[in-house]
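Me: Please pick one part of this model and go through it closely. Then follow its surroundings outward as far as they help, giving the cut-offs as you go.

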Amino acid sequence: MQQIRKIVDSEFAAVNDFIIEQLHSKVPLVENIGHYIVDAGGKRLRPLLTLLCAGAIGKIDQQHVRLAAVIEFIHTATLLHDDVVDISALRRGRPTANANWGNAPSVLVGDFLYSRAFEILVEIGSLPLMGLLSGTTNTVAEGEVLQLSRVGNADTSEATYFDVIRSKTAVLFGAACGGAAIISNATQHQDSLYDYGLNLGIAFQLIDDILDYEGDPEETGKNVGDDLAEGKPTLPLIYVLQHGNKYQQQLVRNAISNKTADHLDDIIAAVSTSGALAYCRSAAQGYTEAALAALAPFADSPYRDALEKLTAIALSRRS
């Protein structure tokens, strides 16, 4: 990732500077929480995608920097809201904002970040871009509500799971990439870049769900089994329910229905021995291959090379 960021080093620094500038508020608590969540680190993968896609088209300008910040603000707002909904106490190895300041301030600062993102979009002045991002935020919200409606439901289908991750995660990846084409007035590349981002985002979430059962908390910044304790029927669990033995199926069904990780070691073993993790990795591999195929129209360049490498990083990441 460090080598990839070096390709857009100055532009990436400009995005970070612009984010800090746009966090300004006359209400100190807004700035405190905003800085806390933005400064927490993380990959900043979505804004990085915007910059790399702009470079793959031909040129990165100030409007791309602004779009990258918009994407990060929208993503950060969803994190603030997600942590409240999930009653999460830990993210990226640190206490969540809601753990430090409470639910109400976290929700309201998330709202501030959403509204600031759209203020920046108005300044960019592209109606097609505004349409893309407004539709994206609606879809993300729908995905979060769909996921919430399936919490504790062990009969959730694989198709519904993919609807959830496509909506709550992947569409923002797609917008980060497709939006770069809109700003570059290269709408002929918008669909290809959007497809690249969408497929990469699905693969990214699949690996995230795998790491909930085989990840190292020191690397992931979250506890193993967090999704299980929240009653989320992710693909590894859905696979066990469909293909595990009767004991494994009942074990997972009870855990999801009761939103408990009391038998976490046994469930981790079931996820591993049933072939669930291998199945999920194979699915993620398929989506990264689709992402790579979407880059076919673009000429060789350091930017395209970086986008290709990101698909490999998405598959092999441990955090």
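Reply: A residue is called buried under 20% relative accessible area, exposed over 50%, and partly exposed in between, using a 1.4 Å probe and protein chains only. The model is predicted, so local features need pLDDT of at least 70 and side-chain atom pairs pLDDT 80 or more, while totals for chains, interfaces and linings use all residues. Residues are numbered from 1 along each chain as its sequence is written, and side-chain values use heavy atoms, with hydrogens and water left out.

The part chosen is helix H4, residues 45–57. Helices (H or I, at least four residues) and strands (E, at least two) are DSSP runs numbered from the N terminus. The expected span of a helix is 1.5 Å times one less than its number of residues. For the 13 residues of H4 that gives 18 Å, and because its end C-alpha atoms are 18 Å apart, the two values agree. Just after the helix, Gly-58 takes a positive phi of about 155°.

H4 is mostly covered, with 12 of its 13 residues buried. The buried stretch begins with Leu-45, Arg-46, Pro-47, Leu-48, Leu-49 and Thr-50. It continues through Leu-51, Leu-52, Cys-53, Ala-54, Gly-55 and Ala-56. The cover over these buried residues, counted by contact (heavy atoms within 4.5 Å), comes from several parts of the chain. It includes helices H1 (2–7), H2 (9–22) and H5 (62–85). Also included are H9 (158–183), H10 (190–214) and H17 (302–316).

Leu-52 shows this packing at the level of one residue. Leaving out residues up to four places away in sequence, Leu-52 touches Ile-4, Ile-7 and Val-8. Under that rule Leu-52 also touches Tyr-303, Ala-306, Leu-307 and Leu-310.

These contacts lead to the nonpolar cores. A nonpolar core is a set of buried Ala, Val, Leu, Ile, Met, Phe, Trp, Tyr and Cys residues joined through side-chain atoms within 4.5 Å. The largest core has 63 residues, and Leu-49 and Leu-52 are among those that touch the most other members. Leu-129, Leu-133, Tyr-196, Leu-307 and Leu-310 belong to that group too. The helix that gives the most to this core is H5, with 10 residues. A second core of 36 residues is separate, and Leu-211, Ile-238, Leu-264 and Val-271 are included in it.

Two of the helices that cover H4, H5 and H10, can be followed further. Val-85 is placed in H5. With a relative accessible area of 48%, Val-85 is partly exposed. Its C-alpha atom is 31 Å from that of Gly-275, and the two residues are 190 apart along the chain. In H10 one finds Asn-199, which is buried at a relative accessible area of 13%. Residues up to four places away in sequence aside, Asn-199 touches Tyr-287, Ala-290 and Ala-291.

H9 and H10 also help to cover the buried residues of another helix, H13. Seven of the nine residues of H13 (235–243) are buried, so this helix is largely enclosed by the rest of the structure. The buried ones are Leu-235, Pro-236, Leu-237, Ile-238, Tyr-239, Val-240 and Leu-241. Besides H9 and H10, the cover over them includes H12 (226–229), H14 (246–258), H15 (264–273) and H16 (276–294). Ile-238, buried here, is one of the residues in the second core.

The loops beside some of these helices hold two backbone exceptions. Most residues other than glycine have a negative phi. Asn-185, in the loop between H9 and H10, is not a glycine, yet its phi is positive at about 55°. Its relative accessibility is 69%, so Asn-185 counts as exposed. Lys-259, also a residue other than glycine, has a positive phi near 50°. Lys-259 lies in the loop between H14 and H15 and is partly exposed, with a relative accessible area of 44%.

To return to the starting point: H4 has 12 of its 13 residues buried, and two of its leucines, Leu-49 and Leu-52, are among the residues with the most contacts to other members of the 63-residue core.
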